[in-house]
Amino acid sequence: MIFKKTWRWFGRNDNITLSDLKQIGIEGIVTSLHNIPNGEIWPIEAINNLKRYIENNGLKWLVVESLPVSESIKYSGKNRDQLIENYKISLANLGKSNIRTICYNFMPVIDWIRTDLEKKQDDGTYSLYFSFIRFAYFDIYILKRTESEKDYSSDTLKKVHDLAMTISEKEKKELVENIIIKTQGFINGNIRETDKNPINIFNQLLLKYNGIDKKQLRENLKYFLQQVLPVAEEYKINLCIHPDDPPFPVFGMPRIVTGEKDIDWILKSVDVHNNGLTFCAGSLSSNINNNVTSLAQKFAFRTHFLHLRSTNILSNGDFVETSPLEGRGDILSVIKIFKNYTKIPMRVDHGPVMLTDIGKTYNPGYSFLGRMKALNEISGMIHAVSQNI
Ligand code: DNO
């Protein structure tokens with residue numbers, strides 16, 4: 001196997017068990033200490049406890065996804081230095097426990113975004129989906145963000161206003177749940193299912209970024225990297241930033257991991273091997289300006305973790321997740337490029353809901369059978385590539 005085959009597992013409460021994962025050929029686990037609040041130190045005992053549990057089940061904890069970066073570090077709040085100190089201690093504790101690949105992201109306020117979590121496809125499966133019109137509707141009519149209309153074309157605005165005439169209360173509620181709640185809670189995001197007024201919390205957080213443009217956000221990332229990378233180097237930890245998903249500005253805030261220029265800037269901002277990338281083919285594929293194959297060629301040398309998934313951009317600009325055999329993720333070419341690098345941990349991502357998983361409860365994008373199907377498609381490609389077929 002030219003990659004380490006890994007799987008994102010959400011801890012002891014995940015209804016997919018480690019023995020399930022052994023049965024489908026997984027070698028390594030990607031997980032996080034999901035119960036530790038964002039910003040707090042990860043104690044070495046808690047790390048070792050989970051690590052032992054994984055090892056007792058015959059697997060290895062290979063990747064942390066994510067060690068979350070607190071908002072205050074991103075918007076350079078008053079307590080950012082204290083939070084960076086905490087981050088450094090968590091990193092050192094992970095290093096002492098021999099966990100050496102750490103994925104994180106630097107997206108302001110909101111991690112990944114979809115407007116639909118189960119959009120029915122022609123084949124009867126359900127996929128994640130991003131609709132521009134419904135997203136803009138949420139921004140303008142539900143969030144009521146000041147001057148939000150300025151961020152959309154007149155054509156989009158017309159469609160948004162048309163939608164406003166017909167959208168039901170149920171659909172509005174679903175948009176809130178899909179965009180800012182259900183995709184965030186399970187990854188230690190800012191909003192939890194139990195929060196009473198998520199819109200209010202979200203709007204308060206957006207205010208923290210008033211006056212923070214792309215240049216400033218980049219500087220805040222650089223400030224963070226300059227301080228944490230010496231610790232990463234000392235403990236031989238590869239830090240790998242995850243691309244923005246979707247990779248374009250949202251809610252009037254900048255995004256700084258969207259494509260070639262951004263990634264180049266980040267890798268050069270602190271030019272050491274441990275300052276690396278999570279090459280998420282899926283996220284990168286959902287920006288029409290990105291050519292995933294050439295990005296892989298350019299950045300494979302600093303990639304420490306791979307997410308193999310793919311999307312298709314539709315003629316109206318929306319995007320939808322696809323099988324790894326299709327779409328703009330160009331997974332076969334990506335595999336061919338990474339074949340020449342030493343055994344990078346790889347996982348699939350965002351599988352469809354299908355067959356007997358329909359109606360079961362999983363974190364959005366993380367059902368069992370859809371991801372297993374994608375993993376098998378990818379395993380077939382990897383096998384052929386490794387045999388030079
Ligand atoms: C969603 C994922 C993200 C990703 C984090 C990494 O399913 O792509 O949550 O894991 O952004 O920090």
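Visitor: What is the distance between an oxygen atom of the ligand and an N or O atom in the side chain of glutamate 65?

Guide: The two atoms are 2.3 Å apart. This is a predicted model, in which local features need pLDDT of at least 70 and side-chain atom pairs count only at pLDDT 80 or more, while totals for chains, interfaces and linings use all residues. Residues are numbered from 1 along each chain as its sequence is written, and side-chain values use heavy atoms, with hydrogens and water left out.

Visitor: Why is the pair at glutamate 65 called a polar contact?

Guide: A polar contact is a pair of N or O atoms within 3.5 Å; within protein, one must be able to donate a hydrogen and the other to accept it, and residues adjacent in sequence count only if both atoms are side-chain atoms. The pair at glutamate 65 is 2.3 Å apart, so it qualifies. Asparagine 105 has a side-chain N or O atom 2.9 Å from a ligand oxygen, and for histidine 350 the distance from a polar side-chain atom to a ligand oxygen is 2.7 Å. The protein covers 100% of the 330 Å² of accessible area that the ligand has on its own (Shrake-Rupley method, 1.4 Å probe).

Visitor: Which residues come nearest to the ligand?

Guide: Glu65, Ser66, Asp111, His350 and Tyr366 do, out of 14 residues around the ligand (near: a heavy atom within 4 Å). The shell consists of six nonpolar, four polar and four charged residues.

Visitor: Why is threonine 115 called buried?

Guide: Buried means under 20% relative accessible area, exposed over 50%, and partly exposed in between (1.4 Å probe, protein chains only). Threonine 115 has 0%, so it is buried. Its place is in the loop between strand S4 (101–104) and strand S5 (116–120); helices (H or I, at least four residues) and strands (E, at least two) are DSSP runs, numbered from the N terminus. Among the residues that threonine 115 touches beyond four places in sequence are Tyr129, Phe130, Arg134 and Asn178 (contact: heavy atoms within 4.5 Å).

Visitor: What makes the pair of threonine 115 and aspartate 116 a polar contact, although the two are adjacent in sequence?

Guide: The contact, of 2.8 Å, joins their side chains, and side-chain atoms on both sides are what the rule asks of adjacent residues.

Visitor: Is asparagine 178 buried or exposed?

Guide: Asparagine 178, in helix H7 (residues 169–181), is buried because its relative accessible area is 9%. Its contacts beyond four places in sequence are Arg114, Thr115, Asp116, Leu117 and Thr183.

Visitor: Why is lysine 22 called partly exposed?

Guide: Its relative accessibility is 43%, between the two cut-offs, so the term applies. Lysine 22 is in helix H1 (residues 18–23). Beyond four places in sequence, lysine 22 is in contact with Asn57, Gly58 and Leu59. Lysine 22 and leucine 59 are 37 residues apart in sequence, with 7.5 Å between their C-alpha atoms.

Visitor: Why is asparagine 200 called partly exposed?

Guide: Asparagine 200 has a relative accessible area of 40%, so it also falls between the cut-offs. This residue is in helix H8 (residues 198–207).

Visitor: What span should the 19 residues of helix H14 have?

Guide: The expected span is 1.5 Å times one less than the number of residues, which for H14 (residues 368–386) is 27 Å; the end C-alpha atoms are 26 Å apart, which agrees. The buried residues of H14 include Phe368, Leu369, Ala374 and Ile378. Among the elements covering its buried residues are strand S1 (3–8), H1 and helix H13 (331–338). Just after H14, asparagine 388 has a positive phi of about 60°.

Notes: Ala, Val, Leu, Ile, Met, Phe, Trp, Tyr, Cys and Pro count as nonpolar, Asp, Glu, Lys and Arg as charged, and the others, Gly among them, as polar.
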